[in-house]
Amino acid sequence: MAQSSVALRDVVKTFGAAPVIKGLSLTVEPGEFAVFVGPSGCGKSTLLRLIAGLETPTSGTVRISDRDVTHVHPSKRGIAMVFQSYALYPHMTVAQNMAFGLKIRGMTKTEANARVKRAADILQMDQLLDRKPRALSGGQRQRAAIGRAIVREPDVFLFDEPLSNLDAALRGQMRVELARLHAQLGTTMIYVTHDQVEAMTLANKIVVLNGGRIEQIGRPLDLYRRPANVFVAGFIGSPKMNFLDGKVSASGVGATTIALPDGPVALPFGDGRIKSGDVVKIGVRPEDFRLARDDAARAFEGRVVLVEPLGGETIAHIALDGGAETLVVKLSGEAYVAAGAPIRVAVEPQRIHLFDSDGVAVAPKEA
């Protein structure tokens, strides 16, 4: 299958007086698996529909490879779209559902059957082709919908929250199948989800959206390790990052001291943007905490208010001493913690994120 780029330039989309997409530009390279992620109402599905041609930009351009498709009919764009609902014809078999679009386009029965057979082999659905949708599980129905897209041999696949209707176990299984499908086909794929776990496990490029604008674009681990701002830091990662309010008490080249309610913390940060007296936030991911030893570089003390034992790991919610803040920490499943008990947890300074008064990340010393 072909590999095509997708490029949006200065795209604006308004519905009435309400702007949904606000001057957005981005490029998805040929063969990439790009995931648009963000909270409900951030514009991610609208953006996908603009690429598909189901919506027309108020201004700006949409290009697929070297073609300006801003005003091109969806059927002429070389795309195939998989929706949240399976949208299978109930009176047709899986094979008939997959071949229907090809039949409408005038393809010969021989060629259509060959494409259906190839798609069924890719999706391991050979034994399901004669079944009707009512005889399929939710996961099998979604695979049939994906097969209907594959037979079109598109330049770009578009997925609009395709796993939302599946239970947790099936979502995990289908994530694996989609990743395998991309590796096998090598076709450009753009995927919309509100689930940051799906984004992290599927994408080689994540586009984080908020309020119709791009907050950050990057590889999954780059966004996890170096979030550009408080929004991205809080959205990427599960459980979400902990944030504590503080004030800069000393700032120099490559080093900053933050005053927190329970005492200061010295960080290897300093890029010239923050100075003594500035209000800032520090952020710590739950998995970066550990139970404190006597030699802990920076310990936080409090009382456990809730424990979530998950087998391989334990999530503890801690009310900190000396303030109203609560920490969520992720510990080993072997760690013994009890609700109501005192606790000390520690974090290495290089694991702490720092954000200025505007919520923008401050660069670490090694950057």
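## Pairing of strands

Two strands are said to pair if DSSP finds at least two bridges between them. This definition is applied here to a predicted model. Strand β4, which covers residues 59-64, and strand β5 meet this condition, since they are joined in the antiparallel sense over two bridges. Within this pair, isoleucine 64 has arginine 67 of β5 as its bridge partner.

## The sheet of four strands

The pair just described belongs to an open sheet of four strands, arranged in the order β2-β1-β4-β5 with antiparallel pairing. Because β2 (18-28) and β5 (67-68) each have a single partner strand, they stand at the edges, and one side of each is left without a neighbour in the sheet.

A helix accompanies this sheet. Helix α1, formed by residues 44-52, lies across β1 (6-15), β2 and β4. The direction of helix α1 makes an angle of about 115° with that of β1.

## The sheet of five strands

Another open sheet contains five strands in the order β15-β19-β16-β17-β18, and its pairing is antiparallel. The strands at its edges are β15 and β18 (326-332), each of which pairs on one side only.

The connections can be followed along the stated order. Strand β15 (residues 290-291) is paired with strand β19 (residues 342-346) through two bridges in the antiparallel sense. In this pair, leucine 291 has valine 345 of β19 as its bridge partner. Strand β19 is also joined to strand β16 (residues 299-309), here by five bridges, and the two run antiparallel. Alanine 299 stands opposite alanine 346 in β19. Strand β16 is in turn linked to strand β17 (residues 313-320) by seven bridges, again in an antiparallel arrangement. There, valine 307 is matched with alanine 316 of β17.

## Two residues and their surroundings

Aspartate 356 is located in the segment that follows β20 (353-355). Is this residue buried or exposed? Aspartate 356 counts as buried because its relative accessibility is 12%, and the limit for burial is under 20%. Leaving aside residues up to four places away in sequence, aspartate 356 is in contact with Arg273, Ile274, Val279, Val280 and Val362.

Lysine 247 belongs to strand β11, which spans residues 242-252. With a relative accessibility of 45%, lysine 247 is classed as partly exposed. Its contacts, again without residues up to four places away in sequence, are Thr257, Ile258, Ala259, Gly277, Asp278, Val279 and Val280. Val279 and Val280 are thus touched by aspartate 356 and also by lysine 247. On a longer scale, lysine 247 is separated from alanine 114 by 133 residues in sequence. The distance between these two residues in space is 66 Å from C-alpha to C-alpha.

## An enclosed space

Rolling a probe the size of a water molecule over the atoms reveals where empty space remains. How many cavities of 30 Å³ or more does the structure hold? There is one such cavity. The volume of the largest cavity is about 50 Å³.

Ten residues line the largest cavity, and those nearest its centre are Leu244, Pro261, Asp262, Leu320 and Glu325. When the lining is sorted by class, five residues are nonpolar, two are polar and three are charged. Two elements described above contribute to this lining: Leu244 lies within the range of β11 (residues 242-252), and Leu320 lies within that of β17 (residues 313-320).

Technical notes: Residues numbered from 1 in each chain as written. Predicted model: local features only at pLDDT ≥ 70, side-chain atom pairs only at ≥ 80, totals over all residues. Heavy atoms only, no water. 1 Å grid on protein atoms, 1.4 Å probe; cavity = no way out; pocket = protein on both sides within 12 Å on 5 of 7 lines; lining within 4 Å. Points joined across faces, edges and corners; volume = space filled by probe spheres on them. Nonpolar A, V, L, I, M, F, W, Y, C, P; charged D, E, K, R; others polar. Contact = heavy atoms within 4.5 Å. Axes fitted to C-alpha atoms, helices over the stretch in contact; angles between N-to-C directions. Buried < 20%, exposed > 50% of the residue type's maximum accessible area, 1.4 Å probe, protein only.
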